[in-house]
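Colleague: Please show me the model, so that we may discuss how its parts pack together.

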Amino acid sequence: MSMFGSENQSQSDFKKGLNKVYTWYTGGFVAFVIVVAILEQMGLPRNWIGYLFLAATVLLYAGIGVMSRTNDAAEYYVAGRRVPAMYNGMATGADWMSAASFIGMAGTLYLTGYGGLAFILGWTGGYCLVALFLAPYLRKFGQFTIPDFLGARYEGNLPRLIGVFAAILCSFTYVVAQIYGVGLITTRLTGLAFEVGIFAGLAGILVCSFLGGMRAVTWTQVAQYVILIIAYLLPVVWLSVKHTGVPVPQAVYGYTLEKVTAKEELLLKDPKELEVRAIFKARSDAAVEKLKDVPASMAADKAAAVKKVDDLKAANGPVADIQAAEKALAGLPVDEVAAKAAYTAARTSNAAKSAPPIRHAQPFPGKDEAAQDISRKNFMALVFCLMIGTAALPHILDALLHGTLGA
Amino acid sequence: MQLTARHQEYWSKNLRITALLLGIWFFVTFVVVFFARDLTFNFFGWPFSFWVAAQGALVVYCLIIWYYARYMNKLDIEYGVDEGEE
């Protein structure tokens, strides 16, 4: 009845069928993108492109959900365990490239350099823990979820309850971030309000998961993998060809990093940069001075603002300038608490801007030995937590959500 | 189920390979990261520690998982506890 494997079909036929389905699917995806690109050239409004993509995604998920409908528990939870290894790998890959890594990772690495690699190390290293400690035993015990495994292994409901509690705790933290991502994407694509967008996105996920269970999730993940890997590779390969002439960014971006480091060296010594940093330093120092006597600073600020308005009016200055000065006067903090908060914020943000920029490839930046050691400890702790967290995640219970959320 | 000597042997081999691979995992993750500031010699353009965190460690992780799966499959067949063709 379904294209994703009927009851009495040999494994190799099944695999051939899958290959065919996903080849068609990949071709369809590329054709869809080309058609949308042509329509865009012809003047299709922007928001309609968003609607088209969203509609295509929802239809795809619903279609996969309907086609792999199942009533059998083994099928529902672990896709009947007859997913060929290659496809299982693609589904797991899609797991890795979930909402957080797709939306946030490139930006995080760009901003924080070496510090951002903690996420890469942690997420990937966690899979080692899964492979060594969790997956083989779950499989041998024939259990679908960690709580079930604990219940079977230690014979009792208490271990099972502890397992459920831990699973919900882990999944909740993780799913919150993912659902936020889903909301962001839906909002961006449809122009719906964020609160509505979240529910629209969730509705699609639920429909797909409930219809087909793990099997549908595995097949949607493979579908996502195809899209994600194209979306990841295309721009990076393109950039790599532009900058180095080699279409294998993994092999050559070290040389680009060398150039970035050389530019950073220049930037650190650039006189104009030093001047700007000195200005921010002065502002930060001024805020520190103001914090010493908040009421007096408030009075001084107010006097200065009033004087500016009066001066402008006396000199018959432009209306826009007068209005701006009046607005600044009205915007002054009303009480001591607000003033203190404003000065503290000014001190912190200006101090941050006056610091020398962090070098991209430098591990554990810090102004002295002690600060660097703290930064190293933080990095290692983050890696460790991410590894444990990842190891706790891909168990089947939340893979139900996890899979479809990965968009 | 009564555990035979063969079962014990299988289990101790399983533990040994797990411990070994976990040791490698620990080394490429935490030992290399700990000394990241000293290991910044040029490695095909990358500072070495940066390359390890960005690519090297990930390759090692994949090798660990691949080797474990292969080793355990063979061990399962050798000790007659494999699941057979599915």
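Colleague: Which residues of H1(B) are buried?

Modeller: This is a predicted model, in which local features need pLDDT of at least 70, side-chain atom pairs count only at pLDDT 80 or more, and totals for chains, interfaces and linings use all residues. Residues are numbered from 1 along each chain as its sequence is written, and chains are lettered from A and ligands numbered from 1 in the order in which they are written. A residue is buried if 20 or more other C-beta atoms, placed from the backbone, lie within 10 Å of its own. In H1(B), a helix (a DSSP run of H or I, at least four residues), the buried residues are Leu21(B), Trp25(B), Val28(B), Thr29(B) and Val33(B).

Colleague: Against which helices do the buried residues of H1(B) pack?

Modeller: Packing is judged by contacts, that is, C-beta atoms placed from the backbone and lying within 7 Å. The partners of these buried residues belong to both chains: H2 of chain B, together with H6 and H15 of chain A.

Colleague: Where does H1(B) bend?

Modeller: The bend is the angle between axes fitted to the seven residues ending at a residue and the seven starting there. In H1(B), an angle of about 35° is found at Phe27(B).

Colleague: Which helix gives the most to the largest nonpolar core?

Modeller: A nonpolar core is a set of buried Ala, Val, Leu, Ile, Met, Phe, Trp, Tyr and Cys residues joined through C-beta atoms within 7 Å. The largest has 40 residues. With 11 residues, the leading contributor is H6(A).

How values were computed
A residue is buried if 20 or more other C-beta atoms lie within 10 Å of its own, exposed if 12 or fewer, and partly exposed in between; C-beta atoms are placed from the backbone. Helices (H or I, at least four residues) and strands (E, at least two) are DSSP runs, numbered from the N terminus. Two residues are in contact if their C-beta atoms, placed from the backbone, lie within 7 Å.
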